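Student: I would like to go through this model and ask what stands behind each label. Can we take it step by step?

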Amino acid sequence: MLQLRKLLLLLFIFITTQLNAQIEVARLTTKNYSAIGLGAYLNFSIPVTESAAITAGAGFYNFKKEDERVALAPLLLGYRQMLNGSSTGLYLEPVGGYTLGGSDITKRDENGNPIYDEDGEVNQKVKGITAGVGSGYIFSGSVPINIGLQYRRVFVGNDPSLNLFSFRISYSLSGRGRGE
């Protein structure tokens with residue numbers, strides 16, 4: 001009986017969930033580092049009403065400037081509210097979660113000198129709690145297209161926080177008429 005309940009719950013989530021693929025161009029800024037990179041993102045949305053949905057997403061971004069690289073993998077939850085009361089048009093979407101990542105950006109002291117430990121130069125951390133807000137427009141159609149802008153801040157303990165600005169284009173993989 002428990003297995004049947006789990007199967008029905010998974011079926012309900014699959015039927016009511018919208019899956020979207022996104023491609024993003026993003027700009028990452030932090031103290032003494034700024035770069036433009038590319039990202040890919042999968043976003044799931046579960047409609048709450050005709051004009052609102054709970055969203056969950058996971059993605060990957062890669063940034064490179066000269067010899068310094070940053071890779072980020074955000075895991076985010078959000079709430080998308082359409083501003084015109086329908087499932088298409090202009091929307092706002094606050095998000096929060098956690099970003100995993102790594103960098104080879106050399107950590108520096110207040111005088112700009114590299115910081116060393118017993119293993120050599122110390123790299124700046126880039127993972128932490130993440131908060132942000134996005135806005136965009138979902139065009140109607142059999143496969144809705146979403147164009148949007150998003151700002152996220154990754155709060156990194158003991159290192160400078162990251163600011164991430166992105167422009168995204170997404171499309172529905174499940175094709176059920178609601179955009180990301």
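Student: What percentage of the residues in the chain is buried?

Tutor: The model is predicted. In it, 39% of the 180 residues are buried.

Student: What is the secondary structure of the chain?

Tutor: One helix and 10 strands. From the N terminus the order is α-β-β-β-β-β-β-β-β-β-β.

Student: What share of the contacts joins residues at least 24 apart?

Tutor: Take the contacts between residues at least 6 apart in sequence: 58% of them join residues at least 24 apart.

Student: What makes a group of residues a nonpolar core, and how many residues has the largest one?

Tutor: The residues must be buried, of nonpolar type as listed for the term, and joined through side-chain atoms within 4.5 Å. The largest such set has 17 residues. Among those with the most contacts inside it are Leu-28, Tyr-61, Phe-63, Val-70 and Leu-162. Strands E1 (18-30), E2 (33-49), E3 (52-65), E4 (68-82) and E10 (162-172) each give two or more residues to this core.

Student: Which residues does Val-70 contact, leaving aside its neighbours within four places in sequence?

Tutor: Leu-28, Tyr-33, Tyr-61, Asn-62, Phe-63, Gly-102, Ser-103, Ile-105 and Val-126.

Student: Why is Tyr-61 called buried?

Tutor: Buried means under 20% relative accessible area. Tyr-61 has 0%, so Tyr-61 is buried. Phe-63 also comes to 0%, so Phe-63 is buried.

Student: How many aromatic pairs are there?

Tutor: Three. One of them joins the rings of Tyr-61 and Phe-63.

Student: Why is the pair of Tyr-61 and Phe-63 called stacked?

Tutor: Two tests apply. Centres must lie within 6.5 Å, and planes under 30 degrees apart count as stacked. Here the centres are 6.3 Å apart and the planes are at 15°, so both tests are met and the pair is stacked.

Student: What makes the pair of Tyr-151 and Phe-165 tilted?

Tutor: The centres are 4.9 Å apart, and the angle between the planes is 40°. That angle is neither under 30 nor over 60 degrees, so the pair counts as tilted.

Student: Where in the chain do Tyr-151 and Phe-165 lie?

Tutor: Tyr-151 is in strand E9 (residues 145-155) and Phe-165 is in strand E10. They are 14 residues apart, and the pair links distant parts of the chain.

Student: Are Tyr-151 and Phe-165 buried, partly exposed or exposed?

Tutor: Partly exposed lies between under 20% and over 50%. Tyr-151 has 27%, so Tyr-151 is partly exposed. Phe-165 has 43%, so Phe-165 is partly exposed.

Notes: Residues numbered from 1 in each chain as written. Predicted model: local features only at pLDDT ≥ 70, side-chain atom pairs only at ≥ 80, totals over all residues. Heavy atoms only, no water. Helix = DSSP H or I, 4+ residues; strand = E, 2+ residues; numbered from the N terminus. Buried < 20%, exposed > 50% of the residue type's maximum accessible area, 1.4 Å probe, protein only. Contact = heavy atoms within 4.5 Å. Phe/Tyr/Trp six-rings, centres within 6.5 Å; stacked < 30°, edge-to-face > 60°.
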